Amino acid sequence: MKLVLIGAPAAGKGTQARKLIDKYKLAYISTGDMLREEVSKGTALGLEAKSIMASGALVSDELIIAIVRERIKADDCKNGFILDGFPRTVVQAEKLDELIGSVDKAIYINCPDEALLKRITARQTCPKCGASYNKISVPPKVPDICDVCGEKLTQRKDDTVEAGKARLETFHKQSEPLVDYYKKQNRLFEVDGMIGIDNVSSAIFAELGD
Ligand code: AMP
């Protein structure tokens, strides 16, 4: 199964992806995580991406397509994968179709901007295992400590009000057209991202088949 997750920042893509990979044993591909790793390693690619990411804009289609093209060749992708944060433009979606035929389902987690901005600024992530928390709605058991691996939680550099607003704008301008793109292919499943984490998962599982 080849899945794509679409949604504005903090819509819950990462959270749902974790549940989906557990259930369907798929490889997890987050282009945002891959870029953050390059930034933290200080590679040439990381240096190129750093300021673009901090501003809430998108890195170039060419660059991100090159990364994904290599990643999906890996062995762990043979049984299928979930793409979280890719494609983010119609050009990327067209390229993906060229590379893999077509996706089985594009899952769109839809949330209003006001709620997302609140989630963005309350979000904490684990730099070690990638688990995601929210100080208001999904707090860790011990404040600032990851439930899964005990690491100190951090806030993403682009999870500020200013960058958050820019990222939402980028989503509406550049990524929302993907909804129509996949609708036309009859591959879109849209779910209300405000009904609670478990209800969102149940809706997705029901669509994909238990
Ligand atoms: P994310 O963790 O998915 O929110 O991604 C963080 C940032 O990485 C985004 O705001 C973009 O600057 C960059 N990024 C991630 N995926 C893509 C993509 N598919 N195309 C362009 N830029 C991306």
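This passage walks through a predicted model, starting at the ligand and moving out to the helices and loops.

Start with the ligand. A shell of 15 residues surrounds it, and T31, R36, A57, G85 and Q92 are the closest of them. By type, the shell splits into 7 nonpolar, 4 polar and 4 charged residues. Helix α2, which spans residues 31–41, is the top contributor to this shell, supplying 4 residues. Among the polar pairings, a nitrogen atom of the ligand sits 2.8 Å from a polar backbone atom of G85. The side chain of Q92 offers an N or O atom 3.0 Å from a ligand nitrogen. On the oxygen side, R88 places a polar side-chain atom 3.0 Å from an oxygen atom of the ligand. Taken on its own, the ligand has 480 Å² of accessible area, and the protein covers 96% of that.

The same stretch of chain holds a backbone oddity. The peptide bond joining F86 and P87 is cis, with omega at about -5 degrees. P87 belongs to the loop that runs between β3 (81–84) and α5 (90–100).

Two helices give a clear picture of how sides are sorted into buried and exposed. Helix α1 covers residues 13–24, and its 12 residues reach 16 Å from first C-alpha to last, close to the 16 Å expected at 1.5 Å a residue. The buried residues in α1 are K13, Q16, A17, L20 and Y24. These residues take up an arc of only 105 degrees around the axis, so they sit on the same side of α1. The spacing fits a general rule: an α-helix has 3.6 residues a turn, so residues three or four places apart point the same way.

Helix α9 tells a similar story further along the chain. It runs over residues 197–208, also with 12 residues, and reaches 17 Å from its first C-alpha to its last, close to the 16 Å expected at 1.5 Å a residue. Here V200, S201, I204, F205 and L208 are buried. Their arc around the axis is only 130 degrees, so they too fall on the same side of the helix, in this case α9. D198 and A206 are on the other side of α9, where they are exposed.

Next come the loops. The one between β6 (132–134) and α7 (161–175) contains D159. D159 has a relative accessible area of 0%, and with buried meaning under 20%, this aspartate therefore counts as buried. Its side chain has a partner, making a polar contact with the side chain of R167 at 2.9 Å. D144 is in the loop between β6 and α7 as well. Unlike a glycine, D144 has a side chain to accommodate, yet its phi is positive, near 70 degrees. D144 has a relative accessibility of 32%, so it is classed as partly exposed.

Another positive phi turns up at N186, also a residue other than glycine, with a value near 60 degrees. N186 is located in the loop between α8 (177–184) and β7 (188–192). At a relative accessible area of 70%, N186 is exposed.

C111 sits in the loop between β4 (105–110) and α6 (113–122). With a relative accessible area of 9%, C111 is buried. Although C111 and V191 are 80 residues apart in sequence, their C-alpha atoms are 9.0 Å apart in space.

Sequence separation and distance in space do not always go together, as two more pairs show. D180 is part of helix α8, and its relative accessible area of 44% makes it partly exposed. D180 and V90 are 90 residues apart along the chain, but 9.7 Å apart from C-alpha to C-alpha. K105, in contrast, is in strand β4 and is buried, at 16% relative accessibility. K105 and A115 are 10 residues apart in sequence, and their C-alpha atoms are 25 Å apart.

Methods: Residues are numbered from 1 along each chain as its sequence is written. Side-chain values use heavy atoms; hydrogens and water are left out. A residue is near a molecule or strand if one of its heavy atoms lies within 4 Å of it. A polar contact is a pair of N or O atoms within 3.5 Å; within protein, one must be able to donate a hydrogen and the other to accept it, and residues adjacent in sequence count only if both atoms are side-chain atoms. Accessible areas come from the Shrake-Rupley method with a 1.4 Å probe; for residues, only the protein chains shown count as cover. Ala, Val, Leu, Ile, Met, Phe, Trp, Tyr, Cys and Pro count as nonpolar, Asp, Glu, Lys and Arg as charged, and the others, Gly among them, as polar. The expected span of a helix is 1.5 Å times one less than its number of residues. Buried means under 20% relative accessible area, exposed over 50%, partly exposed in between (1.4 Å probe, protein chains only). The arc is that of the directions from the helix axis to the C-beta atoms.
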